[in-house]
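Biologist: I would like to learn how to read a structure like this one. Could we go through some features together?

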Amino acid sequence: YYILYIIYYIDMSNLKRINKITTFVTWFILMAIACILTVVALFLQTRPYIKEANFFIKLFVTQIIAMILWGFAIPAQRLGYLILTPFQLSLSSEVFTFISQLLADKFWLDKVTTNDDYIGGFLILLGMVVAKIKLFD
């Protein structure tokens, strides 16, 4: 019930009164749900029962999942701005996406994760950190 309240009735002035731990936990849960829905929307097309469906069914299913995804992603971003800086919020989104990708590869797609996957994720994080640090005057 609480998550549905946050999704449909988010008002930035009211959220400033909510405790930071509650805000963080709610943000974390909404981000996790958004990442799960992102993985489902992306990789549902690879499942046999969707591969055999016609174009309009594929489009309909993907768009419904995407619509539900935005119902969690937008409140998560709005909550994130209350507790994180824009850089931290961007970095956390990349971390959530990277971890959900690895979990989807291993448990849903039965794809072996290699060192290249981890090195790629590390380079993304390194690039974001370097972008935050002022190297030259």
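Modeller: Gladly! Let us begin with a single residue: Leu42 has a relative accessible area of 52%, so Leu42 counts as exposed, since the cut-off for that word is over 50%. Keep in mind that this is a predicted model.

Biologist: Where does Leu42 sit along the chain?

Modeller: Leu42 is part of helix α3. You can also compare distance in sequence with distance in space: Leu42 and Thr62 are 20 residues apart in the chain, and their C-alpha atoms lie 8.0 Å apart.

Biologist: What about Phe28: is that residue buried, partly exposed or exposed?

Modeller: Buried means under 20% and exposed means over 50%, with partly exposed in between. Phe28 has a relative accessible area of 41%, so Phe28 is partly exposed. Phe28 also belongs to α3, which covers residues 20–43.

Biologist: Which residues make a nonpolar surface patch with Phe28?

Modeller: Ile21, Phe24, Val25 and Ile29 join Phe28 in a nonpolar patch of about 460 Å² on the surface.

Biologist: Now I would like a contrast. Is Pro75 buried or exposed?

Modeller: Pro75 has a relative accessibility of 5%, and because buried means under 20%, Pro75 counts as buried. Pro75 lies in helix α5. Try the sequence-and-space comparison again here: Pro75 and Thr26 are 49 residues apart along the chain, with 9.5 Å between their C-alpha atoms.

Biologist: How many of the residues are buried overall, as a percentage?

Modeller: The protein has 137 residues, and 28% of them count as buried.

Biologist: How do I describe the way two helices pack, for instance α3 and α5?

Modeller: Look at the angle and the distance between the axes. For α3 and α5 (residues 55–83), the angle is about 155° and the axes are 8 Å apart. An angle over 145 degrees counts as roughly antiparallel, so that is the term for α3 and α5. The crossing of α3 and α5 is left-handed.

Biologist: And which description fits α5 and α6?

Modeller: Helix α6 spans residues 86–107, and α5 packs with α6 at an angle of about 135°, their axes being 8 Å apart. That angle falls between the ranges for roughly perpendicular (65 to 115) and roughly antiparallel (over 145), so α5 and α6 are oblique to each other. Their crossing is right-handed.

Biologist: Last one: how many helices and strands does the protein have?

Modeller: There are seven helices and zero strands. Read from the N terminus, the order of elements is α-α-α-α-α-α-α.

Conventions
Residues are numbered from 1 along each chain as its sequence is written. This is a predicted model: local features need pLDDT of at least 70, side-chain atom pairs count only at pLDDT 80 or more; totals for chains, interfaces and linings use all residues. Side-chain values use heavy atoms; hydrogens and water are left out. Patches are made of residues with over 30% relative accessible area and no salt bridge: like charges are joined within 9 Å, nonpolar side chains (Val, Leu, Ile, Met, Phe, Trp, Tyr) within 5 Å. Accessible areas come from the Shrake-Rupley method with a 1.4 Å probe; for residues, only the protein chains shown count as cover. A salt bridge is a side-chain nitrogen of Lys or Arg within 4 Å of a carboxyl oxygen of Asp or Glu. Helices (H or I, at least four residues) and strands (E, at least two) are DSSP runs, numbered from the N terminus. Buried means under 20% relative accessible area, exposed over 50%, partly exposed in between (1.4 Å probe, protein chains only). Axes are lines fitted to C-alpha atoms, for helices over the stretch in contact, and angles run from 0 to 180 degrees between N-to-C directions. Angles under 35 degrees count as roughly parallel, over 145 as roughly antiparallel, 65 to 115 as roughly perpendicular and the rest as oblique. A crossing is left-handed if the near helix is turned anticlockwise from the far one by less than a right angle, and right-handed if clockwise.
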